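Let's take a walk through this one, starting with a pocket and then following one of its helices to a neighbour. Have the viewer open as you read.

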Amino acid sequence: MPSRQEMRQLQHAAGLGDAGSQRTLALCFLEGDGVELDFHEAVRLLSLAAGQGDALAEATLGRCHRDGEGVEQEDWFKAVYWFRRAAAQGDAGAIHDLALCFLTGSGIARNETEAVRLFHLAAEQGHVNAQNSLGICYSEGDGCEQDYRKAAHWWQLAAEQGLVVAQSSLARCYLTGEGVLYDLDKATHWSRLAAEQGAAIAQFNVGIAYSSGEGMPKDDFEAVCCFRLAAAQGDIEGQYTLGHCYIHGRGVSQDYDEAARWLRLAADQGLDMAQHNLGLCHAGGEGLLQNFSEAARYYRLVADQGFPSSQFHLGEMLIRATPVDERVPTDPRAGAKLLSRVVQCEGAEHEPLRLKALELLRKHADQGEVVAACCIGCGAHHRRMTKCSKCHTARFCSSECIKRMWPTHRPSCQRWQAEGSKSELVARFR
């Protein structure tokens with residue numbers, strides 16, 4: 001902060017028309033440094049200095065027009081005008097800001113190639129934000145050919161200057177091996193630097209490192225501390241993971257109330273796993289009053305996104321395969337339709353759930369109007385299906401499905417034969 005005497009000298013010089021003093025005094029008014037904050041006075045002084053060709057004043061005046069500070073309203077066209085003038089004098093900040101205008105098409109026709117060229121000019125002058133922006137362009141292929149190696153190079157330069165977002169991006173490169181050789185130690189190193197500056201995603205990544213013991217000594221307590229820091233900043237993964245830790249008592253004492261609180265925050269941001277787990281909490285009365293209606297609501301949110309576990313639990317509730325209260329209306333056709341979607345899931349990880357869904361469909365075959373039968377091999381449904389010749393329960397759409405599913409179907413087939421089941425497998429309901 002300038003002293004009173006320095007401020008008087010600065011005001012005197014500015015009054016005499018010295019561009020440097022006008023610009024410096026304007027910055028004081030913009031920041032409230034030694035004077036009261038006054039954006040309008042700042043813009044007046046910047047206009048005087050910019051009119052004399054002061055590059056920094058031109059660039060700063062452009063930002064005022066861009067952000068609507070000290071002017072009637074945002075004006076991207078005027079911002080571009082002043083950025084161009086400052087950029088022509090080689091001001092790295094103005095070159096970067098002009099590049100952003102070209103990249104987004106703000107105040108000027110969109111031109112991603114020109115944006116990358118300008119980012120290069122500023123980045124080569126050591127402008128840290130330009131280096132980071134150039135890394136993003138190469139990573140995503142905006143205005144240039146996608147090149148993870150070049151992306152990592154520019155992020156490295158920005159990270160070494162302490163830019164937290166570049167440190168987080170570089171850590172991700174080392175973690176995924178994109179543009180650099182996979183190196184967990186380096187990934188952890190850059191994540192820790194970013195985390196120490198308060199970057200939520202980096203705090204979450206350091207928490208994962210502590211939790212897994214990869215790149216850091218395994219320490220569930222430290223992991224929870226990192227997850228909490230990230231979650232407090234609204235990081236959706238941090239909120240969900242912290243809730244998960246409270247559910248299982250990992251690194252903290254088991255606390256369903258706290259678990260539900262953090263899961264709800266993540267669920268409200270749309271995270272499917274959080275919504276599903278919050279549904280489980282409502283259904284089981286864990287950390288929340290048991291509320292099947294709320295459980296169904298959360299299950300439905302995730303079921304609509306194709307999440308098999310939520311489809312299964314909601315299907316269970318609708319066909320009344322599990323006890324629920326009257327606030328969840330019985331709808332066997334909708335329930336069976338959800339269960340049939342689970343039947344169609346592929347992958348070994350879904351096989352236990354898939355078999356449970358098949359069993360429920362068989363047991364509740366008489367609920368609702370059957371409009372089609374589901375092939376237990378591929379989940380397809382047709383008016384004409386082939387019944388298993390042994391159990392007369394399972395249906396198949398083709399001989400290929402029969403051959404493919406026989407090893408999986410055989411235990412159920414033998415059990416159903418022993419039970420003398422005469423029910424038919426229900427798959428699709430309107």
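**The pocket and the helix behind it**

Fourteen is the number to begin with: 14 residues line the largest pocket, and those nearest its centre are L175, L184, N205, I208 and A209. Keep in mind that this is a predicted model. The space in that pocket comes to about 200 Å³.

So who builds the wall? Three helices each put at least two residues into the lining of the largest pocket: α10 (164-176), α11 (184-196) and α12 (200-212). The top contributor is α12, which gives 5 residues. As for chemistry, the lining of the largest pocket splits into 8 nonpolar, 4 polar and 2 charged residues.

Now stay with α12 and look at what it packs against. Helix α13 covers residues 220-232, and its axis comes within 8 Å of the axis of α12, with a crossing angle of roughly 165 degrees. Angles over 145 degrees count as roughly antiparallel, and α12 and α13 are therefore roughly antiparallel to each other. The crossing of these two helices, α12 and α13, is left-handed.

Which residues of α12 and α13 meet? On the α12 side, pick out A200, Q203, F204, V206, G207, I208, Y210 and S211; on the α13 side, their partners are D220, E222, A223, C226, F227, L229 and A230. Sorted by class, this contact of α12 with α13 has 10 nonpolar, 3 polar and 2 charged residues.

One residue is worth clicking on twice: I208 is among those nearest the centre of the largest pocket, and I208 is also on the list of α12 residues that meet α13.

Definitions and conventions: Residues are numbered from 1 along each chain as its sequence is written. This is a predicted model: local features need pLDDT of at least 70, side-chain atom pairs count only at pLDDT 80 or more; totals for chains, interfaces and linings use all residues. Side-chain values use heavy atoms; hydrogens and water are left out. On a 1 Å grid over the protein atoms alone, a cavity is a set of points where a 1.4 Å probe fits but cannot get out, and a pocket is an open set with protein on both sides within 12 Å along at least five of seven lines; lining residues have an atom within 4 Å of a point. Grid points are joined across faces, edges and corners, and a volume is the space filled by probe spheres set on the points. Helices (H or I, at least four residues) and strands (E, at least two) are DSSP runs, numbered from the N terminus. Ala, Val, Leu, Ile, Met, Phe, Trp, Tyr, Cys and Pro count as nonpolar, Asp, Glu, Lys and Arg as charged, and the others, Gly among them, as polar. Axes are lines fitted to C-alpha atoms, for helices over the stretch in contact, and angles run from 0 to 180 degrees between N-to-C directions. Angles under 35 degrees count as roughly parallel, over 145 as roughly antiparallel, 65 to 115 as roughly perpendicular and the rest as oblique. A crossing is left-handed if the near helix is turned anticlockwise from the far one by less than a right angle, and right-handed if clockwise. Contact means heavy atoms within 4.5 Å.
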